[in-house]
Amino acid sequence: MAHKTLWQAQPWLKFASVMALATALASCDQPAERAERAHTVVDAALDQIRGSAPPARPGSRLDQVSIEDRAFASRTLEPEADDRLPAKFAVGSIIAKPIQLVAIEAETLQEEISAVVAEEPDAYESAADTDDDLFGEIGPDGGQGIRAAPPRGLPGAPPRLKPVLQNRAAMRASRKLATEPKVLAVQLDARSRMYERMNNLGLEGTVRTSKGGHMVIDLFADATQFGGEEGAPFISDVVHDSCPENVTEEQLRADPALATECLVQSLQQTGEYEYCERDFIFEHQFARRPADVPPGPIGIMPNDPLWDLQWHFQNNGTGDGRSIGGTGFVDFWTRQGQQGSKDVVVAVVDTGLALSHPDIAASTNVAPGWDLVTDPAMGNDGDGRDSDPNDPGDLCNPNAPLAEDSFHGTHVAGTIGAAASNNGSGVAGGNWNVTIVPVRALGKCGGRLSDINDAIRWAGGVMPVDDNLGNEIWNENPADIINLSIGLFERCPASLQDSIDTVVERGAVVVAAAGNARLSTEFYSPGGCRNVITVAAGDARGFITPYSNYGVDVDVLAPGGDLRRDDDGDGRPDGVLSTKPSKNCIDPVTGNQLDTCYYAYEQGTSMAAPHVSAALALIAAKFPDSTGAELETTLMSLLDPRSTEQCASECSQYPGSTPIPDQPGMCTRPCGGGWLNLENLPD
């Protein structure tokens, strides 16, 4: 707040910041472009500061809609701060899965496969008829074979269970495990052993079981005395490498982080658990926003009045109605004759949804969701888990610079299709028709791994939750696609991988943001997990953004935005525009400042992932009989390859990356199979 006041008192600081912005932009482009690019962006930024702006585009009718339907928030950025922060975890919280459950799960799956085979006389298809290797060979007795399949069509290749029946068997097995007596017995025995280990260390706590199979230990610890992160004393990034050999109860009580590590090690030493790990805290993947410059007015085209600013959905290329960073959604809507289908379900595991948002409250695309945030302190809504996925805000530390509620899930869901499209209000989504299931797993200061695991399983329809009366509630709209625009600076936790594998085996496709730390995704989760489509962020030129993670695990490059640039020359920084209750807004017709509005530009791999989820949903609507694996294969066939230059950034930001010949200071880095472009889908 003091920084903003200084800007107001010293206008020359605004100009200095703009010049710093121009310098940063110049360093990202080729030498021939730098001077022109810096001049253009400086002029645009100064226009905003002075309250002037480019003239409205021909045909703009913004003045014919209400302020509520056209106002938005935007920010121009300075160079990024270092986002490579250590992983955080909930002090005193541990996730563990008894190893005995692994065998029970496999046995139950085999039983359900055999049952499905007995029920369906035409359960098998010839191995020559399919290229789907997701589930491996299925023998005539219903047993699961190896995943290394012989080439399609070779003599002697065994028949395969039809994917839809394999998915049915996996779902039935998961539902059976939720109440299986053998599972409950194992969990009860494990609970007793966990309490015994806590007692040995002089610790107290509770053990709760998840219907997904894992168990969560919550130690009783006075976290407020620990001195954790301001605004979130229950969160820490202090990691102890080991537990002292002769640790005392006094040491453990004084240091909840040490108590957490000692109990984790004690449980691991028993060999009784498939995994035992800290309950990590995931964060949304908005890229950081260190500067705040008032936006200037801009003219656009209806039907959704802000559509003209959504460069990321336009057809790819140059000329009217096209953008170099476009992803061909317009082409898909028109040439494929398909704007989506309510039969396709996309679950957004995030901060929840601002259900009162005018462009969402009026939408028929939002289905009932669930709030999976266990801790009332993180939930910020006065209670724990319940049927209300509304986002009450997630502000963590009110004293932090530019602190505000993110309404992150609302922005993400709006891109996919939670916003009502073609309704003459606000923005358009990638799908005009779709079923969005909001699953709230992040709250104040982030989201616990244990909650995220359950959220993924509930979203995929393989795990129930309990309502206030103790009734089991299943997701009535199991997700075809699950969007995870979240991130953790840590290799993929075993429990998270277990949850992802479970829903993928059911047939869901999991889309994950690569992360914003300028690191290889192998060090980040869930972008570095297996069985996910990992999405890096690109700008309005189709180049990878400076903040985006990268690496061999990246699958797709999609629009994430870069608020330091204006490559389409519209006088606006090139962020992704979507639904979000916001502050410090502007009316694009009058240029007047507004306290609040309902739309905002943001940037991040969080913005890139929902473009891929939206594209998958359109493909699923076009090809309703496709399996998850087939949807992914189709998606990957639509990518435009990227050049060395398009995957380049400054070497100083990415140690170890490959220098580009004849471009001093520039290096290339792996940025996925190519740029998302729905125009590549044949008629």
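**Notebook: loops, a helix pair and two cores**

I began with asparagine 380, which I found in the loop between helix 12 (376–379) and helix 13, where helices (H or I, at least four residues) and strands (E, at least two) are DSSP runs, numbered from the N terminus. I noted that the model is a predicted one, in which local features need pLDDT of at least 70, side-chain atom pairs count only at pLDDT 80 or more, and totals for chains, interfaces and linings use all residues. I also kept in mind that residues are numbered from 1 along each chain as its sequence is written, and that side-chain values use heavy atoms, with hydrogens and water left out.

Backbone entries. Asparagine 380 has a positive phi of about 60 degrees although it is not a glycine, and at 37% relative accessibility I entered it as partly exposed; buried means under 20% relative accessible area, exposed over 50%, and partly exposed in between (1.4 Å probe, protein chains only). I then looked up phenylalanine 407, in the loop between helix 12 and helix 13, which has a positive phi of about 45 degrees without being a glycine, and which is buried, with a relative accessible area of 14%. I also checked proline 526, in the loop between strand 18 (509–513) and strand 19 (533–538), and found that the peptide bond leading to it from serine 525 is cis, with omega near 0 degrees.

Helix pair. I saw that His408, His411, Val412, Thr415 and Ile416 in helix 13 meet Ser606, Met607, Pro610, His611, Ser613 and Ala614 in helix 16, a contact being heavy atoms within 4.5 Å. By class, I read this contact as five nonpolar, six polar and no charged residues, where Ala, Val, Leu, Ile, Met, Phe, Trp, Tyr, Cys and Pro count as nonpolar, Asp, Glu, Lys and Arg as charged, and the others, Gly among them, as polar.

Cores. I looked next at the largest nonpolar core, of 48 residues, in which Phe329, Val612, Leu616 and Leu635 touch the most other members; such a core is a set of buried Ala, Val, Leu, Ile, Met, Phe, Trp, Tyr and Cys residues joined through side-chain atoms within 4.5 Å. Helix 16 gives the largest share of this core, 12 residues. A second, separate core of 41 residues includes Ala347, Trp370, Val437 and Ala455.

Whole chain. I closed by noting that the chain has 17 helices and 25 strands, and that buried residues make up 58% of its 683 residues.
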